[in-house]
There are 2 protein chains.
Amino acid sequence: MEESAINVLKRAVVLDQERRFDQAIVCYEQGIGLLLKAIKGFTDNVKKERYRTKINEYMGRAEKLKQAMIKLKNAEKFNKVIQIEEDSIGHNYSTIFGDLLDITLTEVEIDDPYIRSNHQIINFIRFCALLHKSDANVRKIILNTSCENDENKQSQQKQAFSAISNNLLQNNIELVVSYSKTLHDREIRFNNGWIVKIGRGLDYFKNVPKFSLGFYDYDLRPCHETTINIFHAKHVKGADG
Amino acid sequence: MEESAINVLKRAVVLDQERRFDQAIVCYEQGIGLLLKAIKGFTDNVKKERYRTKINEYMGRAEKLKQAMIKLKNAEKFNKVIQIEEDSIGHNYSTIFGDLLDITLTEVEIDDPYIRSNHQIINFIRFCALLHKSDANVRKIILNTSCENDENKQSQQKQAFSAISNNLLQNNIELVVSYSKTLHDREIRFNNGWIVKIGRGLDYFKNVPKFSLGFYDYDLRPCHETTINIFHAKHVKGADG
């Protein structure tokens, strides 16, 4: 009984890592049931306690996965459009992206040709900070952007990414930056299936004076007019689809 | 009936402005009751509709006041201590002060001798931004701090406060700054009765490199060790008390 419980739970973890969440949930539940039966016969209390801790861990993970799956299945049918009005406030990254950052998210890919100048790089850092402190468990961020033309600026841009990359690594997140000369579209793809298109990319906040409330608090930063489309990969068909 | 309803409601608004909230709630409720009876007899639909809108407004205000009073009466008995550990994160101003910023708050006074250098002034702006976007209706911020000694720096400090003051005015908040050479204690007093003492004042965040997640997001900024005491003015006795 003990051995088969362990086997089923190992299988659950592998399925979880492979992002086959529905199957992982089934295996977690089966494995937990088997393990509960098995420890009833145990006389070794230390071993019993160790397994109980493990059971709690697996139950927590399975429960969170279940909730994420229910939320996702309810949400993924809908395309969402957020229309940001010129000079409106209250469109911080957490307001726009917060709902998409669930426990199953581990990787984010950003196409945005304009993560180049200082304020755009700050936008990117703020976006990374949101990913890091969310419920998600982001381990990899891929950024596709373009390079500054001026040699001096290009060196500054690369130094900034190098510093960000080091800081992210300290937080167990890998950053991969690649440069393209032809990239134009802005799109952010989350590996839990969500795709976000913003006309202006991350750079939809207006510039404000240094000593104003909105300079540090993006909740209070006025925005440029832009449209944000959010939809799920399940509902996207390729030309050959 | 209509006239007495209006009189009672006017009285409610005055009591509300005078911060006699318990009495204001009673008058709001009486006035709303009278007005509801009065409009039953009205034949003028435009007038009826106008009064209905007014009734909704007053009901909303009375309900919010009631909730704030209940919350306050439950909370004000307790002194709260927050112990911030060296290098810990998650102590953004919203986490510390968020619960104190209710609908009855209109004025905040800050004693903090070190709102002088650039990063301290940024702290102050971030604190003001939190006040502004909270449930409170802050209309006045009083800052008691000390002046830079160096003439050049002093001029920069005053320019910064002038810019902040202009920006706050645009948001209907008056800023009053006064300078003291003897001020030492750090204390923030909210006119809904809350008093907050922080050993280090607003300046309890550590410096971090420019291109790191915590530079822009104070949720992720490591802190200095410090103790925060929160208590209510009702439970403070003066030497003569």
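Colleague: Hi! What do the buried residues of α3(A) pack against?

Modeller: In this predicted model, they pack against α1 (2-17), α2 (21-40), β6 (194-198) and β7 (226-232) of chain A.

Colleague: Nice. Which residues of α3(A) are the buried ones?

Modeller: They are A:Lys48, A:Tyr51, A:Ile55, A:Tyr58, A:Ala62, A:Leu65, A:Ala68, A:Met69 and A:Leu72. As background, residues three or four places apart in an α-helix point the same way, because there are 3.6 residues a turn.

Colleague: And what caps the N-terminal end of α3(A)?

Modeller: That would be A:Asp44, with a side-chain oxygen 3.1 Å from the backbone nitrogen of A:Val46.

Colleague: How far apart are the end C-alpha atoms of that helix?

Modeller: They are 45 Å apart. Helix α3 of chain A covers residues 45-75, and at 1.5 Å a residue its 31 residues should span 45 Å, so the two values agree.

Colleague: Switching to A:Leu35: buried or exposed?

Modeller: A:Leu35 is buried, because its relative accessible area is 2%, under the 20% cut-off. Its place is in helix α2 of chain A.

Colleague: What does A:Leu35 touch?

Modeller: Leaving aside residues up to four places away in sequence, A:Leu35 touches A:Ala5, A:Leu9, A:Tyr51 and A:Ile55. Two of these, A:Tyr51 and A:Ile55, are among the buried residues of α3(A).

Colleague: Last topic: what turn lays chain A on chain B?

Modeller: A turn of 180 degrees with a shift of 0.1 Å along the axis does it, giving an RMSD of 0.1 Å. That is the relation of a two-fold axis.

Colleague: Which C-alpha in chain A is nearest the axis?

Modeller: The C-alpha of A:Tyr216, 3.8 Å from the axis. The same surface serves both copies, with 100% of the contact residues of chain A recurring in chain B.

Key: Residues are numbered from 1 along each chain as its sequence is written. Chains are lettered from A and ligands numbered from 1 in the order in which they are written. This is a predicted model: local features need pLDDT of at least 70, side-chain atom pairs count only at pLDDT 80 or more; totals for chains, interfaces and linings use all residues. Side-chain values use heavy atoms; hydrogens and water are left out. Copies are superposed by least squares on the C-alpha atoms of residues with pLDDT of at least 70 in both. Contact means heavy atoms within 4.5 Å. Helices (H or I, at least four residues) and strands (E, at least two) are DSSP runs, numbered from the N terminus. The expected span of a helix is 1.5 Å times one less than its number of residues. Buried means under 20% relative accessible area, exposed over 50%, partly exposed in between (1.4 Å probe, protein chains only). A polar contact is a pair of N or O atoms within 3.5 Å; within protein, one must be able to donate a hydrogen and the other to accept it, and residues adjacent in sequence count only if both atoms are side-chain atoms.
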